[in-house]
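Here are some notes for a colleague who is opening this structure for the first time. Please read them with the sequence and the model side by side.

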Amino acid sequence: TTRELYLEDSPLELKIQALDSEGNTFSTLAGLVFDWTIVKDTEADGFSDSHNALRILKFLESTYIPPSYISEMEKVAKQGDTILVSGMKTGTSKLKARIQESVYKHVHPAEVRLLILENILLNPAYDIYLLVGTSIKYRVQKIRQGKITELMMPSDQYELQLQNHLLGPEGDQSWPVAELDQATSVVTALQQGQTNLVLGHKSIRMQGASRQLEVIL
């Protein structure tokens, strides 16, 4: 399972769901003590300290109101089937939860992969129509603490790509619909058709914002 978590968003509440050997869901896990641990995501390239991207919070540190049994467990420094996590930096982390009681040692731990992302925008924030030979400059922006700031491109973390070139009825297969200048983030229309400008996260191999461009004659 993979979940997304944005920096500076409210904490994400995670709750374990347990199934028996026949696939039936247990009605409650109240009272069971779990060990929740953040582990390094071995699937993530370029994030050697990715396990530092995530923080486990106590409900007592937040405005969330947990079930009463979780509050009682936190008072004695124990963890139950429900926790809160918060993103500290961009990257990926894995979270494992194992039942503490030895009688359940044969039960495999629950595991979730978390992608911690910045809130990134592409500007213009709408699909574009271009005439052949004309250009448009895109800007990459991020929202932090309610403020929009511009990211300098090219970037170590993000890259722009043109994908899915769909040529017009008289299109020349030897040419793309448009070309992107990585140094300036300027897209130039070359021939009639459609293409998508995609903002990618380099290190976690994930696509972010996307905009469609249609080139007309």
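1. The lining of the second largest pocket divides by class into seven nonpolar, two polar and three charged residues. This is a predicted model, and the pocket in question has a computed volume of about 210 Å³. The residues that line the second largest pocket are T1, R3, L14, K15, I16, Q17, W36, L95, A97, A110, E111 and V112, so that a reader can mark them one after another in the structure.

2. Which strands supply this lining? At least two residues of the lining of the second largest pocket come from each of β2, β6 and β7, the last of these spanning 110-117. The strand that gives the most to the lining of the second largest pocket is β7, with three residues.

3. The largest pocket has a volume of about 370 Å³, and its lining is made up of 18 residues, among which A18, L19, F26, I99 and V107 lie nearest the centre of the pocket. When the lining of the largest pocket is sorted by class, 13 residues are nonpolar, four are polar and one is charged. For the largest pocket, strand β6, which covers residues 91-99, gives the most to the lining, with three residues.

4. Strand β2 also deserves attention as part of a sheet: three strands form an open sheet in the order β2-β5-β4, and their pairing is antiparallel. Because β2 (12-15) and β4 (54-57) each have a single partner strand and stand at the edges, one side of each is left without a neighbour in the sheet. On average, and with direction ignored, neighbouring strands of this sheet are turned by 35° against each other.

5. Within that sheet, the pairing between β4 and strand β5, residues 82-87, is antiparallel and runs over four bridges. A reader who wants a single position from which to follow this pairing may take L54, which stands opposite G87 in β5.

6. How are the domains of the protein assigned, and how far apart are their C-alpha centres? The domain assignment gives domain 1 as 2-117 and domain 2 as 120-215. The C-alpha centres of domain 1 and domain 2 lie 36 Å apart.

Key
Residues are numbered from 1 along each chain as its sequence is written. This is a predicted model: local features need pLDDT of at least 70, side-chain atom pairs count only at pLDDT 80 or more; totals for chains, interfaces and linings use all residues. Side-chain values use heavy atoms; hydrogens and water are left out. Two strands pair if DSSP finds at least two bridges between them. Axes are lines fitted to C-alpha atoms, for helices over the stretch in contact, and angles run from 0 to 180 degrees between N-to-C directions. Domain bounds come from an automatic or database domain assignment. On a 1 Å grid over the protein atoms alone, a cavity is a set of points where a 1.4 Å probe fits but cannot get out, and a pocket is an open set with protein on both sides within 12 Å along at least five of seven lines; lining residues have an atom within 4 Å of a point. Grid points are joined across faces, edges and corners, and a volume is the space filled by probe spheres set on the points. Ala, Val, Leu, Ile, Met, Phe, Trp, Tyr, Cys and Pro count as nonpolar, Asp, Glu, Lys and Arg as charged, and the others, Gly among them, as polar.
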